[in-house]
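Here are some exercises to work through with the model open beside you. Try each task before you read its solution.

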Amino acid sequence: MTSNDNHKNNLRQIFWIWLAITVFGVVVGIYGTPWLMPTAASDTMHLSILTMVVFTVAAAPVAALVYAVVIVALTKWRYRGEGIPPDGPPIRGNNPATSAWLVVSTLLTVFLLVWGLALLAVDNGAESKSEMTIDVTGQQWVWSFGYAGTQVHSHDLFLPVDTDVKFEVTSKDVVHGFWIVQMGIKVNANPGAITTTAVTPNRVGTFDIRCTEICGLNHAFMVTRVHVLTKKNFEQWLASQPATN
Amino acid sequence: MNSTLEQHHVVGGGLLRRLNFGTAAVSGLIFGFIAWALSHHFLDDSGQGFADQVTVLTGCGWVVGFLLGIGALTGPGKWFTGRDQNHADEMYLAGKDLGRKRYFQYTTDHKVVGVQYIIATMVLLGAGGILAMGIRTNLLTPGNHFVNQQVYNGFLGVHGMLMILGLIVAVAGPWANFILPIQVGARDMAFPRLNALSLWTLIAAIPLLLGSLAIGAMDMGWVTQGPISDQSGIGFDLFAMSIITFTISTTVAGVNTICTVLTMRTKGMTMERLPIFAWASIFAAGLGLYAFPFFLVVMSLNLADRMVGTSFFIASGGGTGWLQENLFWLMGHPEVYVILLPAVGAILEIASVFSRKPLFSYRTVIGGMAGLCGLSALVWAHHMFTTGWAPTLGGPFMLTTELISIPTGVIFLVLLGTIWRGNIWMKMPMIWVFGFIVNFIVGGITGIYLSDIPVDNQMHGTMFVVAHFHYVFVGSVLFGAIGALFYWFPKVSGRFIDEKMGRISFWLVFIGTHVTFISMFVSGLRGMSRRYSSYALIFEHTNFITTIGAYMIMAGMLVLLGAVITSWRSGEPSGPNPWGGKSLEWMVPTPVPLENFEVLPVITSDPYTYGEAKS
């Protein structure tokens with residue numbers, strides 16, 4: 001076999017290995033990612049999971065190409081003799097290959113950008129339309145929630161389903177991270193400043209709030225729950241609460 | 001050399017000849033104690049920042065005393081008094097005929113400094129590794145209290161900072177000192193005394209960082225976020241002092257590296273014939289000169305808040321933690337590339353030599369590195385997407401961050417192009433290169449997820465982020481650093497690192513890395529925040545697996561340490577050019593003579609002429 005035939009063989013092998021790994025990556029991306037992530041309780045979280053899936057699918061062929069070349073290098077191009085191997089072909093570059101690589105990686109990057117910017121635009125909906133506002137206060141190591149327009153405060157968060165909710169977040173001491181895990185929203189609670197985020201819960205149930213910025217001894221225990229109720233149940237709950245300061 | 005000079009430098013007197021690591025440590029402790037006693041005596045002990053003032057001044061005393069005790073100021077002192085060092089002094093400083101003693105002194109020979117950096121790196125990474133094991137042991141099961149929460153939080157911050165400092169010097173320290181001057185055809189670095197200064201300033205910083213853990217009560221993590229850093233105990237004062245000292249060390253080293261490459265190249269060594277490691281080194285050093293001043297500033301302002309009642313980062317005094325975060329990440333993101341680029345440079349050298357092929361597209365990779373440096377200065381706020389600071393800047397920072405994947409892709413193109421159809425020689429250095437390629441793809445791609453704001457809103461501050469940057473730092477930079485160690489060790493010691501133990505350590509670290517950090521990705525995807533000392537039951541299995549993987553990495557690193565120690569004493573002799581390399585460091589004898597070259601070589605091509613040279 002001439003080295004040219006050999007080379008064509010190698011290209012064919014690279015192609016098949018690339019295809020196999022790509023398929024594997026795409027399958028893992030489509031089925032594995034949503035399975036590993038929490039079940040979404042808002043559209044925001046849906047978009048977050050969808051983005052993870054899309055990026056995994058887009059990344060699979062890139063990683064697969066690298067791994068395919070690595071596998072062929074380790075099996076076919078490996079020198080198995082004794083001592084220092086003879087010199088390989090003096091390839092100092094390949095302009096078409098370099099250009100193609102740059103063009104493809106640029107196109108992928110543009111795709112990522114457009115995807116990200118489009119999602120940002122979609123995502124800002126809840127905040128501008130907000131139907132209710134929650135005051136969130138972090139302090140070492142509890143969360144407290146005030147319901148705007150009422151005197152009600154709570155340590156578990158209660159939300160009505162399918163309502164655009166805006167959170168105004170602050171802290172009494174150090175920086176905390178306000179994160180509703182299953183809703184895909186997060187913003188830091190800073191002392192002396194109010195930050196905002198917003199979400200539309202779309203599923204009735206109980207979900208997790210965890211702190212994401214180290215805030216001292218009990219950072220790991222600065223957790224609470226959010227209860228998403230039907231609108232009617234939420235009104236009943238709100239009416240049943242005593243007014244507190 | 002005439003015999004009187006010869007005698008003079010053997011028996012000669014002078015303070016210079018009596019200083020070493022021992023005198024430095026003693027002097028550091030004495031000066032530290034004096035500073036402590038004086039500050040206790042003279043400062044107002046009812047003042048708010050009294051404890052911090054005392055701690056910082058004690059730290060200053062240690063650093064100044066240590067540098068005096070090692071002899072860092074002897075040369076300038078002599079010059080100042082008009083008695084500049086003579087030839088015998090210079091030879092003594094360079095460590096001529098001093099044997100092992102020279103490794104414990106303020107020695108200017110770049111090869112001695114390189115070896116000292118190897119040891120310093122091992123100390124930093126070893127201490128950081130022990131803390132990592134403490135962290136993982138604490139997380140072995142939910143609610144485990146291997147250490148209490150206060151100690152655990154201290155472990156987090158000091159582990160992070162030890163590893164960051166360790167990785168900053170892991171490749172640049174040993175090899176930009178030992179190998180780089182030889183590669184460019186120089187007899188030493190441009191500023192040999194500054195070279196020693198950078199090393200010993202680093203050594204002075206290490207006990208401060210370890211001491212900060214001992215006096216403890218630190219809750220701020222390695223990012224030292226305000227105002228939690230203001231709440232932390234006096235351990236933080238030593239922590240910040242250590243970083244300030246380190247920035248001085250790295251600035252001095254960076255200037256030295258750049259000047260060496262720009263001004264000390266031998267005849268015919270044009271910039272286009274430089275080995276790629278030299279390019280990577282000056283890019284990293286230059287980027288460090290941009291980044292580390294922010295480090296110095298952020299730590300200084302933080303100390304000022306604590307000591308003298310300023311309020312740069314304290315909201316109740318009109319300051320803001322966002323200022324701290326901006327300053328920190330202005331340093332923090334370029335720093336990633338300060339760490340990465342020397343490792344990439346070493347990886348590319350190894351890939352070319354062990355594929356027996358020229359480096360693929362030399363100019364493209366230089367462009368790629370330049371692109372990484374430029375962009376890395378413009379992406380810092382992607383660490384702040386969820387802080388609430390300037391939400392409208394999200395889009396632009398997403399843009400710059402995603403653009404970085406283009407020059408990163410160039411690094412992969414060049415690596416793959418270099419091994420493409422080569423005669424791949426799977427010796428130890430090349431094995432770590434393949435590990436690097438496999439891991440860096442994972443680290444790189446998971447970074448792209450995080451650059452997307454809706455995903456970052458979910459993933460920021462979770463174990464997903466931790467796993468991502470550990471794939472970059474452990475899976476990529478550490479693999480590159482170990483590959484470089486296997487590659488250049490024969491030039492340092494004249495011996496190979498034991499291949500059998502090397503392979504065992506590779507597989508332990510390689511498999512351990514994937515076990516540790518894939519399970520950590522899953523913890524993050526399922527919703528576990530980072531820096532947790534304890535966790536909910538749903539994270540039980542993945543955390544258990546992560547801890548087992550971490551133990552595997554530790555076992556692999558211990559095998560590697562054993563291999564390095566035994567091989568240094570009694571490894572298989574290697575000869576001057578065991579890998580058939582073509583760059584200048586392989587053309588000089590081993591052990592490398594004091595001034596490297598008897599006659600400076602004249603260069604007619606770059607060192608990548610595989611398959612081209614007629615010889």
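Two strands count as paired if DSSP finds at least two bridges between them. Keep in mind that this is a predicted model.

**Exercise 1. Work out how the sheet in chain A is put together.**

Task: In what order do the strands of the five-stranded open sheet of chain A run, and which strands stand at its edges?

Solution.
- Step 1: Lay out the order. The strands go S3-S2-S1-S5-S8 in chain A, and the pairing is mixed.
- Step 2: Check the ends. Strand S3 (153–154) and strand S8 (195–199) of chain A each have a single partner strand, so one side of each has no neighbour in the sheet.
- Step 3: Zoom in on one pairing. Strand S1 (residues 132–139) and strand S2 (residues 142–147) of chain A run antiparallel to each other, with six bridges between them.
- Step 4: Pick out a bridge. Gly138(A) has Trp143(A), in S2(A), as its bridge partner.

**Exercise 2. Hunt for disulfides.**

Task: How many disulfides are there over all chains? Take Cys211(A) and Cys373(B) as test cases.

Solution.
- Step 1: Recall the cut-off, which is two cysteine sulfur atoms within 2.5 Å.
- Step 2: Apply it everywhere, and the count is zero over all chains.
- Step 3: Look at Cys211(A). Its nearest cysteine sulfur belongs to Cys215(A) and sits 3.9 Å away, and Cys211(A) is in no disulfide. Cys211(A) is also buried, at 0% relative accessibility.
- Step 4: Now Cys373(B). The closest cysteine sulfur, in Cys259(B), is 17 Å away, so the gap is too far for a bond. Cys373(B) is buried too, with a relative accessible area of 11%.

**Exercise 3. Describe the interface of chain B and chain A.**

Task: What area do the two chains bury between them, and which residues of chain B lose the most?

Solution.
- Step 1: Count the residues in contact: 89 from chain B and 78 from chain A.
- Step 2: Get the area. About 7,200 Å² is buried, with carbon and sulfur atoms giving 66% of that.
- Step 3: Find the top contributors on the chain B side. Trp420(B), Arg421(B) and Gln458(B) lose the most area to chain A, together 10% of what that side buries.
- Step 4: Tally the polar side of things. There are 34 residue pairs in polar contact across the interface, and three salt bridges.
- Step 5: See where the chain B surface comes from. Among the elements giving two or more residues to it are helix H7 (149–170), helix H14 (321–355) and helix H18 (428–451) of chain B.

**Exercise 4. Track down the salt bridges.**

Task: How many salt bridges does the whole structure have, and which parts do some of them link?

Solution.
- Step 1: Start from the principle. Side chains of opposite charge can pair when their charged atoms come close.
- Step 2: Get the total, which is 15 over all chains.
- Step 3: Take a pair that crosses between chains. Glu612(B) and Arg92(A) meet at 2.9 Å, N to O. Glu612(B) is in the segment after helix H22 (540–570) of chain B, while Arg92(A) is in the loop between helix H2 (43–75) and helix H3 (95–123) of chain A. Both ends are partly exposed, Glu612(B) at 32% and Arg92(A) at 33%.
- Step 4: Add another interface pair. Arg356(B) bridges to Asp87(A), with the closest N and O atoms 3.8 Å apart.
- Step 5: Move within chain B. Lys427(B) and Glu499(B) form a salt bridge at 3.6 Å, N to O. Lys427(B) is in the loop between H17 and H18 and Glu499(B) is in helix H21, so the pair ties together parts 72 residues apart in sequence. Lys427(B) is partly exposed at 25%, and Glu499(B) likewise at 27%.
- Step 6: Join up shared partners. Arg92(A), Asp606(B) and Glu612(B) belong to one network of salt bridges.

**Exercise 5. Place one residue in its surroundings.**

Task: Is Asn153(B) buried or exposed, and which residues does Asn153(B) touch?

Solution.
- Step 1: Locate Asn153(B) in helix H7 of chain B.
- Step 2: Check accessibility. At a relative accessible area of 2%, Asn153(B) is buried.
- Step 3: List its contacts. Leaving out residues up to four places away in sequence, Asn153(B) touches Ile214(A), Gly216(A), Leu217(A), Met218(B) and Asp219(B).
- Step 4: Look for polar company. The side chains of Asn153(B) and Asp219(B) are joined by a polar contact of 3.0 Å.

Key. Residues are numbered from 1 along each chain as its sequence is written. Chains are lettered from A and ligands numbered from 1 in the order in which they are written. This is a predicted model: local features need pLDDT of at least 70, side-chain atom pairs count only at pLDDT 80 or more; totals for chains, interfaces and linings use all residues. Side-chain values use heavy atoms; hydrogens and water are left out. Buried means under 20% relative accessible area, exposed over 50%, partly exposed in between (1.4 Å probe, protein chains only). Helices (H or I, at least four residues) and strands (E, at least two) are DSSP runs, numbered from the N terminus. Contact means heavy atoms within 4.5 Å. Buried area is the accessible area (1.4 Å probe) that two parts lose on being put together, summed over both. A salt bridge is a side-chain nitrogen of Lys or Arg within 4 Å of a carboxyl oxygen of Asp or Glu. A polar contact is a pair of N or O atoms within 3.5 Å; within protein, one must be able to donate a hydrogen and the other to accept it, and residues adjacent in sequence count only if both atoms are side-chain atoms.
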